[in-house]
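Thanks for making the time this morning. I would like to walk you through one model, so please have the sequence and the structure open as I talk.

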Amino acid sequence: MRSFAALAASSALLFSLVGCAGIIPPSAQASTGSAPTGVERTNSNKPQESEWVQGLEAPTAEQPVSDQNSAQEQVPAGIVASSGAPRYSDLKPKDLLIDGERIEPLNPGQENATGQAITLISDTVPFGYRLSADDALNAMLAFRTSCPSLLNRNDRSGLTQKQDWKGACDSSKTWLESDARAFFSTHFETLQIGDGKAFATGYFEPEIAGSRSKSADYNIPVYRRPADLVEVDLGQFSDEWKGKRVRGRVENGRLIRYADRAAIEDGALNGRGLELAFAADPIEFFFLQIQGSGRLIAPDGSIIRIGYDGQNGHDYLGIGRVLRDEGRLEPGQADLEGIIRWLRANPEEGRALMRRNASYIFFRELSDAGPLGALGWPVTADNSVAVDPRYVTMGAPVILAMDREEPAGLWVAQDTGGAIKGPNRFDTFWGAGTRARNIAGGMSARGQSVILVPRGTFARLKNEAEQSRSAGNR
């Protein structure tokens, strides 16, 4: 991996040292009407709806750079989802009011972490004593799951290097589980990216009726990834396209767009043997596609677990936003249940509306303990969070101090999403079942966030930034 200094130099992102910055609590954010950095498709000062509206696109299963097959390794023993107990309620944004040394870029407009001010909030984990034992243990186990990827893949955010994580990862294997809180205060320091103003939504693993066999009641195809769907990494052709990908199919030597949702629903893939299973309800399956994974409950009670295995390359359209913008739903009504009620009450218009979202997701059957995140490892309820990997290190712990009880606490960055863009944009994972659906379907929270990185990370970044600046002045 290139050093932070090399990355900064190649991008002309040179850092200077400035004073410390304060933290703005959610109440102050609301009064100013400011939106969190990087949040997509917002044109009002009101909090955005959940990802059912904003359009969480299924995660791309990124494999570790050095070993394309390492994601197939067995998950370490003892990985468990949290019990669903409330996260610690006394965590408030004011608790992050700790002055810190800051590295600020000369060119803050670039879309990656090196273009954001980076503040050392504390050389230990702040307010760690407030972390419940259960929350700390589940987070430590989730972090342990991420370690193979932390040690074997390059950090797109530029914050850390693979070797930075070795000490914490080695220690997590043998750390006393009854003292998990001390694990985080021992091995980590906390960084604020940009202004730290966070916006969080939620996602979950839907459970819908499905069957392996087609019948009158189960006739909505759940397709495998077609062999002719290709994905092109444009960064191979130009540095200015790094991080950009396109999907399509090759015809007569040319890459063309793949069939959109309407064409696929009208039979574009018929006769190719791609049917993995069949769903009973087109509306429920539509939202399962948005989530990117789910469970099909067969008539005999058996469960078919399916996960993301590709997307057709067409842009996502959040239909909740359309319903609100066109005045069909009032602000605050465009949550999951509100959208579904409207679709059922307006079947013909609803079908046409869903087709306006041309994005279409393909699936594969899963046998893992949970839905796979972008690191290729199972994500765990109440502990895994989706982030933008350009700003947040995949696999890193994250502390959220929010204006809602549920998402406040310690998470681990184990997933990504198409609408999760920006340095402090988060999508919290809640598992499966009624509780998960209710929380995720209406989740919209604002507050502050800090990223936990191995001790010494900030000092290295500061040193490399100074070296870059000195080299640029010569």
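What percentage of the 474 residues in the chain do buried residues make up? Buried residues, meaning those under 20% relative accessible area with a 1.4 Å probe and protein chains only, make up 55% of the chain.

Before going on, I should say that this is a predicted model, in which local features need pLDDT of at least 70, side-chain atom pairs count only at pLDDT 80 or more, and totals for chains, interfaces and linings use all residues. Residues are numbered from 1 along each chain as its sequence is written, and side-chain values use heavy atoms, with hydrogens and water left out.

Now to confidence: pLDDT, the predictor's confidence in each residue from 0 to 100, averages 76 over the chain, with 73% of the residues scoring at least 70. Over residues 1-89, however, pLDDT stays under 50. Where pLDDT is low, the predicted coordinates should not be read in detail.

The chain has 13 helices and 19 strands, taken as DSSP runs numbered from the N terminus, with helices being H or I of at least four residues and strands E of at least two.

Let me finish with one pair: the axes of helix 10 (residues 336-345) and helix 11 (residues 347-356), which are lines fitted to C-alpha atoms over the stretch in contact, with angles from 0 to 180 degrees between N-to-C directions, come within 5 Å and cross at roughly 120°. The contact, meaning heavy atoms within 4.5 Å, involves residues including Trp342 of helix 10 and Leu353 of helix 11.

Terms used. Buried means under 20% relative accessible area, exposed over 50%, partly exposed in between (1.4 Å probe, protein chains only).
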